[in-house]
Amino acid sequence: MTTIKEIAQKSGYSSATVSRLLNNDPNLSITADTKNKILEIANKLGYWKDHQEKKIKPTIALLYRTNHKEQLQDEYFTSLKQALVETVKQESMKMKTFYNVADLIENASLFQGFIGVGAAPIENAELVKLHGVLPNGVFVDTNPAPELFDSIRPNLTLTVKNAIDLFIKNGYESIGFIGGVGPKHDHIQENDPRSVAFAEYMKVRGKDDSNMFVSGPFSVENGYKLGKEVIKKCKNNLPDAFLIASDTLAVGVLQAFNEENINEDTAILSINNSNVVKYVSPPLSSYNINQQEMIDLALTMLTNLIIQPDRAHIDVNMNTNLVVRKSFIPKAE
């Protein structure tokens, strides 16, 4: 069994300092380099294998990436950030926020790991550099480099399947989808998992998937544009129901539908359950993404990665739950 004394001897610090760090003494004041060295020696000596009941409180960074072009989309990530800030405070941990990868790379030696929040693009070369100096990282909601870092994301594929099953169960035969394009990573345009899941599962259920409207960003403005396209193509033959890929898009779609007085002609389900959906007309039934649970799990994953840096990287999917409002009310069982 690895002892405090062994770690102290190998690291060059006193047994008292090592003990206070590994027992999360809130009054201990040491530099990041000291903390990193002691934890590195503890890992090498296998300290955590014999002390699995112990938790560490690392000093971490928040890599916060938003483009500030779309208020409602930013609101989702702002809420994630706030949940992280509050949780870190409650756990008596230390955290500093960075808004670009280069700054975090430059200051990497100050931290034991990082949490990534936001959807602004990152070049793969930057992520490789980041991994070289700060390999312990967990991305929340997105993961631009699953081969390098851990992630916790909502299970959007299962959410889409659930929505389709629910529509069919409630007698809706014609089902449409409105969505945006996926992220661009290293100049490669990826398909959004919601639109991919919709097309594939509609075919599995033997349904027509031709009423798909997918283009542009996840913004209110683009949702309005897509809503107008739907009206132009389908006004005389509107699908019985629509799944909209995000609340941000849904707000714009509803604006377009309201202008034509067609909201009562089709059921609508959305994804995210952001604050605004209670106040649009009609109030949106939307799949809730539990941000606090994602943050809690991200921090658990990060601390686990710090004490087991050689373990395989993991990508966790968390299920969503439907919050029912007027845009779609399922039939009672």
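**Overview**

I counted 12 helices and 14 strands in the chain. I note at the outset that this is a predicted model. I looked up the extent of the C-alpha trace, and along its principal axes it spans about 80 × 40 × 35 Å. I then checked burial: of the 333 residues of the chain, 51% count as buried. For contacts between residues at least 6 apart in sequence, I found that 71% join residues at least 24 apart.

**The six-stranded sheet**

I traced an open sheet of six strands and wrote down the order as β2-β1-β3-β4-β5-β13, with parallel pairing. Its edge strands are β2 and β13 (315-318), each of which pairs on one side only. I looked up the turn between neighbouring strands of this sheet, which averages 20 degrees with direction ignored.

Within the sheet I took a closer look at β4 and β5. These two strands pair in the parallel sense over three bridges. In the register I noted valine 138 opposite aspartate 150 of β5.

**Aspartate 141**

I went on to the loop between β4 (137-140) and β5 (150-154), where aspartate 141 is found. Which side chain of opposite charge is nearest to aspartate 141? I found arginine 194, 7.0 Å away. Aspartate 141 is buried and has no salt bridge; a salt bridge would need a side-chain nitrogen of Lys or Arg within 4 Å of a carboxyl oxygen, so arginine 194 at 7.0 Å does not supply one.

I then looked for a polar partner. The side chain of aspartate 141 makes a polar contact with the side chain of tyrosine 76, at 2.5 Å. Setting aside neighbours within four places in sequence, I listed the contacts of aspartate 141 as Tyr76, Phe77, Leu80, Ile152, Arg153, Pro154 and Met294. Tyrosine 76 therefore appears both as a polar partner and in the contact list.

**Strand β6**

I next checked the burial of strand β6 (residues 175-179). Five of its five residues are buried, so β6 is largely enclosed by the rest of the structure. I looked at the two faces separately: Ile175, Phe177 and Gly179 lie on one side, Gly176 and Ile178 on the other, and all are buried.

I followed the pairing of β6 to two partners. With strand β10 (residues 241-244), β6 pairs in the parallel sense over four bridges. Here I noted phenylalanine 177 opposite leucine 243 of β10. With strand β9 (residues 212-214), β6 runs parallel and is joined by three bridges. In that pairing isoleucine 178 stands opposite phenylalanine 213 of β9.

**Serine 327 and the cis proline**

I looked up serine 327 in the segment after β14 (321-323). Is serine 327 buried or exposed? At 8% relative accessibility, I count serine 327 as buried. I found that its side chain reaches the backbone oxygen of isoleucine 268 at 2.7 Å. Beyond neighbours within four places in sequence, serine 327 is in contact with Ala267, Ile268, Pro282, Pro283, Leu284 and Ser285.

Pro282 on that list led me to a peptide bond: the one from serine 281 to proline 282 is cis, with omega near -5 degrees. I placed proline 282 in the loop between β11 (267-272) and β12 (285-288).

**Positive phi**

I recorded two residues with positive phi that are not glycine. Asparagine 272 has a phi of about 130 degrees and lies in strand β11. I count asparagine 272 as buried, because its relative accessibility is 14% and the limit is 20%.

Serine 92 has a phi of about 55 degrees. I found serine 92 in the loop between α5 (71-90) and β2 (94-98). At 54% relative accessibility, serine 92 counts as exposed.

**Threonine 2**

I finished at the start of the chain, with threonine 2 in the segment before α1 (4-11). Threonine 2 is buried, with a relative accessible area of 9%. I checked the separation from lysine 49, which is 47 residues away along the chain; the two C-alpha atoms are separated by 8.9 Å.

How values were computed: Residues numbered from 1 in each chain as written. Predicted model: local features only at pLDDT ≥ 70, side-chain atom pairs only at ≥ 80, totals over all residues. Heavy atoms only, no water. Buried < 20%, exposed > 50% of the residue type's maximum accessible area, 1.4 Å probe, protein only. Lys, Arg positive; Asp, Glu negative; His and termini not counted. Polar contact = N/O pair within 3.5 Å; in protein donor to acceptor, adjacent residues only side chain to side chain. Contact = heavy atoms within 4.5 Å. Pairing = 2+ DSSP bridges. Axes fitted to C-alpha atoms, helices over the stretch in contact; angles between N-to-C directions.
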